[in-house]
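Let's take a walk through this model together, one region at a time. Have the viewer open and rotate along as you read.

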Amino acid sequence: QHFSGNEIRKTFLDFYAGRGHQVLPSASLVPEDPTVLLTIAGMLPFKPIFLGQRTPEFKRATTSQKCIRTNDIENVGRTKRHHTFFEMLGNFSFGDYFKEQAIAWGWEISTKVFGLSPKNLVVSVFKDDDEAFAIWRDQIGVPEARIKRLGEDDNFWVSGPTGPCGPCSEIYYDFHPERGDENIDLEDDTRFIEFYNLVFMQYNRDASGNLTPLQNKNIDTGMGLERIAQILQNVPNNYETDLIFPIIQTAGQIAGIDYHSSDEKTKISLKVIGDHVRSVVHMIADEIRASNVGRGYVLRRLIRRVVRHGRLIGIDGEFTTQVAETAIALSESAYPNVRQREAAIKAELQREESNFLRTLDRGEKLLDEVINRISSIQQENDLPSSVREEYYHPSPLPKQKISGLDAFTLYDTYGFPLELTQEIAEEQGLEVDVDGFNAEMQKQVERAKAAHETIDLTVQGSLDKLAEHIHATEFLGYSQSAATGKVE
Ligand code: ATP
Ligand code: MG
Ligand code: MG
Ligand code: MG
């Protein structure tokens, strides 16, 4: 059976609605919770309930939550499964059903409703969670070899240094069960993809790290819509699902290229555009404006990355509003506010894009000067040695490179990514001193660290990290890895 992305979302919500869950709309990407900059998980709007600060109106809820995780930005286009913007389907129990029921329904929707074969599923549990292990083995019938025990990083969810937390259990899809149960390595993404995480929030952690049982045992889950779509639509990665691919096609049309016949580098650029355009459309729809601080800075960096990758694939003029149109059309049925905010989205994009293009133009002029300077030295080299010795230098100069400092100035002041400098240099038969560039970058990072905490999404920065510094209570996301931004 074929499922469109929209059908998957509806099927998930209907399944849990039929089991007593209140269907609630997605909350804004701008969270009420002041400890995080952007909504990074479906549980975030319910955090006060889990903390016992708010009494829930319903014991059970289900949502499709818009999420943005900037910590995954470097993974975008490089892994098959990570986005900045994605939708998290979730079912929640506030002191109502717990482990057994959550596991039973998680399995039922995966196998009976979405029709995944049990042969293709592997589950993980927290290493000490014998109870979850037993439920999977004895009640669901998963063979022991296909229940993996994982450590805290993957399978113990914490909402911060203190507060509600608990073990979790993840469901993975196995694309190659024929490789056998002997050497199952869930980090092998050529074989496995995590698509559903069930969190059993049953403890409170105090400042000294002690766990005490919570009065309420809660359930918090997350199924990545784009990931389950990848599986059900039988495509090689999230980007080729019907949720994102039309955006990539629009960008390809503007550039005059075809995704499927493009090289790997071009495909990455197309995927970055496909991903980031969804982020910026929903961010602006949720009233975020480009600026140099906080969320506004995330938005600005994302727009600039779209423009820059557009250039890398050969787009010259302005194009972001056109790709945004495709993204709006794709999500307006589920999120009508993107169409309502269409004019604002396009105006913001247009303004940011034309500003950035002007900056890029200035950078290109500077780069021309640098190249001219180098070429004139090069020309001296090319003179006959007799002439050179007499009028210029006694011996040939070494082959000229664009210095690390010049490349860094272009990057830092003019927003010129290194790849762009390299490409233009290459056309002129020149090289860039990449080691020198990296050394300048390192100096910059250290200067920034010394002065104050700054963030830059292109330099391993993530706003989650900024949030950690601003606020005493940090929110680590579903797992430690979500917060550290480790490339998995
Ligand atoms: P991974 O280990 O693949 O990075 P995760 O363990 O960080 O995922 P969770 O925090 O458990 O993810 O989030 C719940 C679900 O949300 C995941 O099982 C996945 O389906 C989805 N998800 C998480 N991060 C992303 C992302 N960056 N892009 C798309 N889907 C995501
Ligand atoms: Mg994980
Ligand atoms: Mg997980
Ligand atoms: Mg992660």
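Which residues of α6 are buried? Bear in mind as you look that this is a predicted model. In α6, the buried residues are L225, E226, R227, I228, A229, Q230, I231 and L232. That is eight of its eight residues, so the helix is mostly covered, with buried meaning a relative accessible area under 20%.

What do these buried residues pack against? Their partners include two helices, α1 (5-17) and α8. The strands β3 (85-93), β7 (163-174), β8 (192-205) and β9 (211-224) also pack against the buried residues of α6.

Let's follow one of those partners, strand β7, where you will find Y173. At a relative accessible area of 14%, Y173 is buried, because that value falls under 20%. Its C-alpha atom is separated by 7.8 Å from that of I231, although the two residues are 58 apart along the chain. I231 is one of the residues of α6 that are buried, and it is also in contact with Y173. Setting aside neighbours within four places in sequence, the other contacts of Y173 are L116, N120, L121, R191, F192, I193 and F195.

Strand β7 also takes us to the metal site. Which protein donors does the magnesium ion (ligand 3) have? They are E170 and E194, each through OE, lying 2.2 to 2.3 Å from the ion. E170 lies in strand β7 and E194 in strand β8, so the pair ties together parts that are 24 residues apart in sequence. E194 also bridges the magnesium ion (ligand 3) and the magnesium ion (ligand 2), which lie 3.2 Å apart. How do the two donors compare in accessibility, buried or exposed? E170 is buried, with a relative accessible area of 3%, whereas E194 is partly exposed at 24%.

Now back to α6, to see what comes after it. The helix is followed by N234, whose phi is positive, near 55 degrees, in a residue other than glycine. N234 sits in the loop between α6 (225-232) and α7 (245-255). Because its relative accessibility is 70%, over the 50% cut-off, N234 counts as exposed.

A positive phi turns up at E287 too, at about 75 degrees, and E287 is not a glycine either. You will find E287 in the loop between α8 (264-285) and α9 (294-312). With a relative accessible area of 56%, E287 is exposed.

Conventions. Residues are numbered from 1 along each chain as its sequence is written. Chains are lettered from A and ligands numbered from 1 in the order in which they are written. This is a predicted model: local features need pLDDT of at least 70, side-chain atom pairs count only at pLDDT 80 or more; totals for chains, interfaces and linings use all residues. Side-chain values use heavy atoms; hydrogens and water are left out. Helices (H or I, at least four residues) and strands (E, at least two) are DSSP runs, numbered from the N terminus. Buried means under 20% relative accessible area, exposed over 50%, partly exposed in between (1.4 Å probe, protein chains only). Contact means heavy atoms within 4.5 Å. Donors are N, O and S atoms within 2.8 Å of the metal (3.2 Å for Na, K and Ca); water is not among the atoms, so sites may look incomplete.
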